Amino acid sequence: MDYRKFKDTYYIRLDKNEEIISSILKICKDEGINSAIYSGIGGCSSAEIQTFIPEAGAFETDEISGMLELVSLNGNIITDDGGKRYHHTHAAFAYKKDGRHAFSAGHIKSITVLYTAEIELRPVIGGEIKRKYNPETGTGLWDFK
């Protein structure tokens, strides 16, 4: 992994076998970033894609692997009152399956890089977005304190 800060934005390059979500969280911790948004593209080898099932109050996870074109990565980082950072990430992947083009997308648990991933990380400036747990949905929501 390598990254640079230009003005208020971080540009991140991840390399083979690095995990994207944990890398973003590490940079946020190391740089003292408590809330941010990010986007990216890349070539990946595996992903855990989740779908929230409201009736169960839990996520179902599907794992995909192979040559995965990360065509869109979007997410945010927020922090709870105890200082723990959380991500909310969605991504879309294109790949070949049975000789045809296929597509998978959804909420992301993890993504492993095959060739590279290029990510732009933009910290929130002039404020902070906190995380507030919502017991009705079982999820964390943005809290503008």
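## Salt bridges, one helix and its surroundings

Lysine 130 and glutamate 128 form a salt bridge, in which the closest N and O atoms are 3.6 Å apart; the term stands for a side-chain nitrogen of Lys or Arg within 4 Å of a carboxyl oxygen of Asp or Glu. The model is a predicted one, in which local features need pLDDT of at least 70 and side-chain atom pairs count only at pLDDT 80 or more, while totals for chains, interfaces and linings use all residues. Residues are numbered from 1 along each chain as its sequence is written, and side-chain values use heavy atoms, with hydrogens and water left out.

### Exercise 1

Find how many salt bridges the rule gives, and describe the surroundings of the partners lysine 130 and glutamate 128.

Step 1. Applying the rule gives a count of five salt bridges, and among them are the pair already described and the pair of glutamate 120 and arginine 122, whose side chains meet at 2.5 Å, N to O.

Step 2. For accessibility, a residue is called buried under 20% relative accessible area, exposed over 50% and partly exposed in between, with a 1.4 Å probe and protein chains only. Lysine 130 has a relative accessibility of 14% and counts as buried, whereas glutamate 128 is partly exposed at 33%.

Step 3. In the other pair, glutamate 120 is partly exposed with a relative accessible area of 24%, and arginine 122 is partly exposed with 26%.

### Exercise 2

Locate the salt bridge between lysine 26 and aspartate 30, and explain how their places in helix H1 are related.

Step 1. The closest N and O atoms of lysine 26 and aspartate 30 are 2.6 Å apart.

Step 2. Helices (H or I, at least four residues) and strands (E, at least two) are DSSP runs, numbered from the N terminus. Because lysine 26 and aspartate 30 are four residues apart in H1, which covers residues 20–31, about one helical turn separates them.

Step 3. Lysine 26 is partly exposed, with a relative accessible area of 45%, and aspartate 30 is partly exposed as well, with 47%.

### Exercise 3

Check the span of H1, and then work out which of its residues are buried and what they pack against.

Step 1. The expected span of a helix is 1.5 Å times one less than its number of residues. For the twelve residues of H1 this gives 16 Å, and the end C-alpha atoms are 17 Å apart, which agrees.

Step 2. Ile20, Ile21, Ser23, Ile24, Ile27 and Cys28 are the buried residues of H1. They cover an arc of only 165° around the axis, so they lie on the same side of H1; this arc is taken from the directions from the helix axis to the C-beta atoms.

Step 3. These buried residues pack against six named strands, S1 (2–6), S2 (9–15), S3 (36–53), S4 (58–79), S5 (85–97) and S6 (100–123).

### Exercise 4

Describe what stands at the two ends of H1, with glutamate 19 before the helix and glycine 32 after it.

Step 1. Glutamate 19, in the loop between S2 and H1, caps the N-terminal end of H1, with a side-chain oxygen 3.1 Å from the backbone nitrogen of isoleucine 21.

Step 2. Although glutamate 19 is buried, it has no salt bridge, and the nearest side chain of opposite charge, lysine 109, is 10 Å away; in this scheme Lys and Arg count as positive and Asp and Glu as negative, while His and the chain ends are not counted.

Step 3. Contact means heavy atoms within 4.5 Å, and glutamate 19 is in contact with Ser110 and Ile111 when neighbours within four places in sequence are left aside.

Step 4. Glycine 32 follows H1 and has a positive phi, near 70°.

### Exercise 5

Which phi values do asparagine 17 and aspartate 98 have, and where do these residues lie?

Step 1. Most residues other than glycine have a negative phi.

Step 2. Asparagine 17 nevertheless has a positive phi of about 75°; it is found in the loop between S2 and H1 and counts as exposed at 58% relative accessibility.

Step 3. Aspartate 98 also has a positive phi, near 55°; it lies in the loop between S5 and S6 and is exposed, with a relative accessible area of 74%.

How values were computed:
Polar contact = N/O pair within 3.5 Å; in protein donor to acceptor, adjacent residues only side chain to side chain.
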